[in-house]
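Please open the model in a viewer and keep the selection tool at hand. The tour proceeds by selections, each followed by a description of what is found there.

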Amino acid sequence: MARTVDHAAGGRMLLGVGSGFKERDYVEYGYPFGSVADRVHDLETGVERIRERLTRLDPPPVGPMPLLIAGSGERRTLRLVARHADIWHTFADGDAFVRKSKILDAHCAEIGRDPAQIERSVLVGGDPEATGPELLAQGITFFIVSVRDLDLEPVRDWVRWRDEHNGRSQRS
């Protein structure tokens, strides 16, 4: 499916995965929720399978398909991010984000990967002038804007702010 969307979008597909944390999502689709360890195990095996499968598709994706892995588990999820992710998305903020980011950097060092290859991502909302500069100072450059009731004005605000303060994103 991701490859099909990638072709329809002219190579702009970004594949985001995580272990899941909302039981309702599992229940609605008839999947067992399981333990955190079970869900992280499924993520680990799923990412390996997805990466391998993308190399065998004919036709392949238009270009490299960035992989976003969401999660903050320090022992397993951040190791998985270090090995596979182009983008790390977390709900951690402030001191927790800084600490987890250092742990991710250490996991990267263990495998010889430059942590700068992994873009840092968080969910944002509200006034970008109030929170954007601090997020950039922490090394966060990928902002996923929270939208409610299909009001796209917050997205416009963040895109305007991004264009003024951080240059144009490659994934505009």
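The expected span of a helix is 1.5 Å times one less than its number of residues. This model is a predicted one, and that rule can be applied to its helix α7.

**Helix α7**

Select residues 153-165, which form helix α7. With 13 residues at 1.5 Å a residue, α7 should span 18 Å, and its end C-alpha atoms are indeed 18 Å apart, so expectation and model agree. Next, highlight W158, W161 and R162 within α7; these residues are buried. Around the axis they cover an arc of only 100°, which means that they lie on the same side of α7. An α-helix has 3.6 residues a turn, so residues three or four places apart point the same way.

What do the buried residues of α7 pack against? Add β4, α6 (128-137) and β5 (140-145) to the selection: these are the elements that they contact.

Remaining on α7, select R160 and E153, whose side chains meet in a salt bridge at 3.2 Å, N to O. Salt bridges with shared partners join E153, R156, D157 and R160 into one network. R160 has a relative accessibility of 41% and counts as partly exposed; E153, at 35%, is partly exposed as well.

**Strand β4**

Move to strand β4, residues 119-124. Is R120 buried or exposed? Its relative accessible area is 7%, and because the cut-off for buried is under 20%, R120 is buried. The side chain of R120 forms a salt bridge with that of D105 (2.8 Å, N to O). D105 belongs to helix α5 (residues 94-111) and R120 to β4, so the pair ties together parts that are 15 residues apart in sequence. D105 is partly exposed, at 30%.

L123 also lies in strand β4. It is partly exposed, with a relative accessible area of 43%. Select F21, F91 and I144 along with L123 to display a nonpolar surface patch of about 410 Å².

**Helix α3 and the loop before α4**

Finally, select E44 and R76, whose side chains meet in a salt bridge of 2.8 Å, N to O. This pair links distant parts of the chain, 32 residues apart: E44 is in helix α3 (residues 36-56), and R76 is in the loop between β2 (67-70) and α4 (77-84). E44 is buried, with a relative accessible area of 19%, whereas R76 is partly exposed, at 28%.

To close, display every salt bridge in the model; the count comes to 12.

Technical notes: Residues numbered from 1 in each chain as written. Predicted model: local features only at pLDDT ≥ 70, side-chain atom pairs only at ≥ 80, totals over all residues. Heavy atoms only, no water. Patch = residues over 30% accessible without salt bridge, like charges linked within 9 Å, V, L, I, M, F, W, Y side chains within 5 Å. Areas by Shrake-Rupley, 256 points an atom, 1.4 Å probe, with all protein chains shown as cover. Salt bridge = Lys/Arg side-chain N within 4 Å of Asp/Glu carboxyl O. Helix = DSSP H or I, 4+ residues; strand = E, 2+ residues; numbered from the N terminus. Buried < 20%, exposed > 50% of the residue type's maximum accessible area, 1.4 Å probe, protein only. Arc of directions from axis to C-beta. Contact = heavy atoms within 4.5 Å.
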